[in-house]
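Hi,

Here is the structure I promised to send over. Have a look at it first, and then read on for what turned up when I went through it.

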Amino acid sequence: MKVSIFTFPFEPGSGGFDTYPLEQFCLDKHVLEIVPYFFQQENQAYWTVLVRYRLPTPPAAASSKERVLLSEKDQLLAKRLKEWRSLKAKELGWPPYLIFTQHQLMEFVRMKMTTKEGFGPVKGFGTKKIKRFGEDILTIIQAFTAEES
């Protein structure tokens, strides 16, 4: 297991933290745990995140290549899901990867599930996330597939 620590200053202009470096870091890792810590120093708010992770095994590395091999239609669906994830993350004050990871996103695009039961094979997207976000994700996928018909 490896550990990395990220610290982000609060950005009043955006009303949040720029977590892009953390999101990019997590794209090709198996994140085991994220431990957040908020603190203030000299009237500046900070968010520190400890990430415990493993490096991916070769099959996971192969799945990252699949991202590049998406059809144009699937790229559009992925873009819509990412946009929704970003909006939901801002609404909740969460980093986007806590809603669903890049790997989970690719599974949603590949599977194009039509029911909540379809989320079953998606590793790390369990009952709580299905209950909280499943309907919205299904609505996006169903609207997309209806447009394609």
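**What I found**

Lys-88 counts as buried, because its relative accessibility is 15% and the cut-off for buried is under 20%. Please keep in mind that this is a predicted model. Lys-88 sits in helix H3. Setting aside neighbours within four places in sequence, Lys-88 is in contact with Ile-99, Phe-133 and Asp-136.

**H3 against H4**

H3 covers residues 72-92, and helix H4 covers residues 102-111. Their axes come within 10 Å and cross at roughly 130°. H3 is therefore oblique to H4, since an angle has to be over 145 degrees to count as roughly antiparallel and 65 to 115 to count as roughly perpendicular. The crossing of H3 past H4 is right-handed.

Which residues make the contact? On the H3 side they are Asp-74, Leu-77, Ala-78, Leu-81, Lys-82 and Arg-85, and H4 brings Gln-102, Leu-105, Phe-108 and Val-109. By type, the residues of this contact split into 6 nonpolar, 1 polar and 3 charged.

Phe-108 deserves a closer look. This H4 residue has a relative accessible area of 0%, so Phe-108 is buried. What does Phe-108 touch, not counting residues up to four places away in sequence? The list is Leu-81, Phe-100, Met-113, Phe-119, Val-122, Phe-125, Ile-137 and Ile-141. For the last of these, Ile-141, the separation from Phe-108 is 33 residues in sequence, and the C-alpha to C-alpha distance is 8.3 Å.

**The strands**

Now to the other end of the numbering. Strand E1 (residues 2-11) pairs with strand E4 (residues 44-54) in the antiparallel sense, over 8 bridges. Within that pairing, Ser-4 is opposite Val-51 of E4.

E1 also runs antiparallel to strand E2 (residues 16-17), with 2 bridges joining them. Phe-10 has Phe-17 of E2 as its bridge partner. E1 and E2 form a hairpin that has 4 residues between the strands, and Gly-15 in the turn shows a positive phi of about 75°.

Just after E2 comes a residue you may want to click on. Thr-19 is in the loop between E2 and helix H1 (20-26). Is Thr-19 buried or exposed? Thr-19 is buried, because its relative accessible area is 8%. Leaving out residues up to four places away in sequence, Thr-19 touches Phe-8, Trp-47, Pro-95 and Pro-96. Of those contacts, Phe-8 falls in E1 and Trp-47 in E4, going by the residue ranges of the two strands.

**Two residues in the E3-E4 loop**

Last item: phi angles. Most residues other than glycine have a negative phi. Glu-42 has a positive one, near 50°, and Asn-43 likewise has a positive phi, of about 60°. Where do they sit? Glu-42 lies in the loop between strand E3 (30-41) and E4, and Asn-43 is in the loop between E3 and E4 as well. Glu-42 counts as exposed because its relative accessible area is 75%. Asn-43 also comes out at 75% relative accessibility, so Asn-43 is exposed too.

That's the tour. If you only open a few views, I'd start with Lys-88 in H3, then Phe-108 in H4, and finish with Thr-19 in the loop between E2 and H1.

Cheers

Technical notes. Residues numbered from 1 in each chain as written. Predicted model: local features only at pLDDT ≥ 70, side-chain atom pairs only at ≥ 80, totals over all residues. Heavy atoms only, no water. Pairing = 2+ DSSP bridges. Axes fitted to C-alpha atoms, helices over the stretch in contact; angles between N-to-C directions. Parallel < 35°, antiparallel > 145°, perpendicular 65-115°, else oblique. Left-handed = near helix turned anticlockwise from the far one by under 90°. Contact = heavy atoms within 4.5 Å. Nonpolar A, V, L, I, M, F, W, Y, C, P; charged D, E, K, R; others polar. Buried < 20%, exposed > 50% of the residue type's maximum accessible area, 1.4 Å probe, protein only.
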